Amino acid sequence: MIYQHNNELRTTLLHDETAVMLLKNILQQMETEEFGKRKSERIVGGPKKLVELVENGAVRVRTANGREYYNGSDVLMYCRAPGNKNRTPRKSKKYKKGLAA
């Protein structure tokens, strides 16, 4: 599909529900995969969000040898966009006090 946005011609890459079909295929393939706890936390947006999803039954979890493994398809269903990775860390108060002295 060709459309105009801000006086620029643009095209869409996917036609006829292709994106939906691709997502469905990806989730079907990931049904047999499992992620560890930390990777799952990173994907869904943090440990609190992961615990909430497990408690609600939205993400299936398997425990083996004291470790938790989360279903890949369920985790990817609730993934969030990554934040800004290029931010600069703030200076600590200890550092500021050292400059003032």
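Biologist: What makes Arg60 and Glu31 a salt bridge?

Modeller: The closest N and O atoms of Arg60 and Glu31 are 2.4 Å apart, and the term asks for a side-chain nitrogen of Lys or Arg within 4 Å of a carboxyl oxygen of Asp or Glu, so the pair qualifies. Arg60 sits in the loop between α3 and β4 (61-64), and Glu31 in the loop between α1 and β3 (34-36), so the bridge ties together parts 29 residues apart in sequence. Helices (H or I, at least four residues) and strands (E, at least two) are DSSP runs, numbered from the N terminus.

Biologist: Good to know! What kind of model is this?

Modeller: A predicted one: local features need pLDDT of at least 70 and side-chain atom pairs pLDDT 80 or more, while totals for chains, interfaces and linings use all residues. Residues are numbered from 1 along each chain as its sequence is written, and side-chain values use heavy atoms, leaving out hydrogens and water.

Biologist: Why is Arg60 called partly exposed?

Modeller: Its relative accessible area is 43%. Buried means under 20%, exposed over 50% and partly exposed in between (1.4 Å probe, protein chains only), so Arg60 falls in the middle class. Glu31, at 34%, is partly exposed.

Biologist: What joins Glu31, Arg60 and Asp74 into one network?

Modeller: Arg60 also meets Asp74 in a salt bridge, at 2.8 Å from N to O. Asp74 belongs to helix α4 (residues 72-77), so this bridge links parts that are 14 residues apart in sequence. Salt bridges with shared partners thus connect Glu31, Arg60 and Asp74. Asp74 is buried, with a relative accessible area of 11%.

Biologist: How many salt bridges does a search of the whole structure find?

Modeller: Three. One of them pairs Glu34 with Arg62, at 2.7 Å from N to O. Glu34 lies in strand β3 and Arg62 in strand β4, so parts 28 residues apart in sequence are tied together.

Biologist: Now Glu41 in helix α2 (residues 37-44): how do you know that Glu41 has no salt bridge?

Modeller: The nearest side chain of opposite charge, Lys37, is 4.4 Å away, beyond the limit given above for a salt bridge. Lys and Arg count as positive and Asp and Glu as negative; His and the chain ends are not counted. Glu41 is buried all the same. Setting aside residues up to four places away in sequence, Glu41 touches Gly46, Pro47 and Leu50, where contact means heavy atoms within 4.5 Å.

Biologist: Why is α2 called roughly perpendicular to α3?

Modeller: The two helices pack at about 95°, with axes 8 Å apart. Angles of 65 to 115 degrees count as roughly perpendicular (under 35 roughly parallel, over 145 roughly antiparallel, the rest oblique), so α2 and α3 earn the label. Lys37, Ser40, Glu41 and Val44 of α2 make the contact with Pro47, Lys49, Leu50 and Leu53 of α3. Axes are lines fitted to C-alpha atoms, for helices over the stretch in contact, and angles run from 0 to 180 degrees between N-to-C directions.

Biologist: Which residues make up the largest nonpolar core?

Modeller: Nine: Met30, Phe35, Ile43, Val44, Leu50, Leu53, Val59, Tyr70 and Val75. The elements giving two or more residues to this core are α2 and α3 (47-56). Such a core is a set of buried Ala, Val, Leu, Ile, Met, Phe, Trp, Tyr and Cys residues joined through side-chain atoms within 4.5 Å.
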